[in-house]
Amino acid sequence: MVTLCSAGLAISSLGCDPGAATQTPDAEPEIPLQDAPDAPQSLTLSSRDFEDGAALQRKHEFAGFGCTGDNVAPPLSWEGAPSETESYALVVHDPDAPTGVGFFHWVVVDIPADVTELDAANLPSGARALYTDYAQTGFGGPCPPPGAPHRYVFSVYALDVEQLEVPDGATGALTRFVLANHTLAYGRLVGTYER
């Protein structure tokens, strides 16, 4: 059973944790994949730091909220985008957080169409890092409570516009809502993390 803080965050042994969740052992929730329901999942997304379905590393863990990692984003690369791609967007989302919409860990839009890899320390010119659910821009690593692992879904979207019409303060949920109308194709890579 999950106890909720007044702000709607789960309580872990370390206090209110924005990424906290518990899972029932007999029913693991599915990853919501309907943010781009009409687009093919034809992009291949990969990272040299972890394989699809494998654990993220300690260096990726968030630095804060009781977590003491280095908050280093894994490098990403992709291929297979349609020729009409005008830009890319990236969303990293934890569907296991008990917030109703999960927890957004990294949101980047307006990645130029000629870019096929991403390093958080050196975003390409023109790309915008939007706010995460940590209330900051840039990568925010995993910080689940001790216990069951959480899944971190890295999604890259090939878009039909050069710039996505969302404000710099847009939430991850709003960004994915707007993405749904402009996605030509997408790719996913899932990492896990537990403490």
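Of the 195 residues in the chain of this predicted model, 47% count as buried. With the whole chain displayed, the exposed surface comes to about 9200 Å², and carbon and sulfur atoms supply 50% of that area.

Next, colour the chain by secondary structure. One helix and 12 strands should appear. Tracing from the N terminus, the viewer passes eleven strands in succession, then the helix, and then a final strand. Contacts may be displayed as well: among those with a separation of 6 or more, 72% join residues 24 or more positions apart.

Now select S155, which lies in strand β11. Is S155 buried or exposed? Its relative accessible area is 2%, so S155 is buried, the cut-off being under 20%. Display the side chains of S155 and R188 together: they make a polar contact at 2.7 Å. Leaving aside residues up to four places away in sequence, S155 touches L45, A89, L90, V91, G187 and R188.

From strand β11 (150–159), follow the chain towards helix α1 (172–179) and stop in the loop between them, where V166 is placed. Although V166 belongs to a loop, this residue is buried, with a relative accessible area of 7%. Which residues does V166 touch, not counting those up to four places away in sequence? They are R128, L130, T175 and V178.

Finally, select V166 together with L130. These two residues are 36 residues apart along the chain, and their C-alpha atoms are separated by 9.3 Å. The pair also appears among the contacts of V166 just listed.

How values were computed. Residues are numbered from 1 along each chain as its sequence is written. This is a predicted model: local features need pLDDT of at least 70, side-chain atom pairs count only at pLDDT 80 or more; totals for chains, interfaces and linings use all residues. Side-chain values use heavy atoms; hydrogens and water are left out. Helices (H or I, at least four residues) and strands (E, at least two) are DSSP runs, numbered from the N terminus. Buried means under 20% relative accessible area, exposed over 50%, partly exposed in between (1.4 Å probe, protein chains only). Contact means heavy atoms within 4.5 Å. A polar contact is a pair of N or O atoms within 3.5 Å; within protein, one must be able to donate a hydrogen and the other to accept it, and residues adjacent in sequence count only if both atoms are side-chain atoms. Accessible areas come from the Shrake-Rupley method with a 1.4 Å probe; for residues, only the protein chains shown count as cover.
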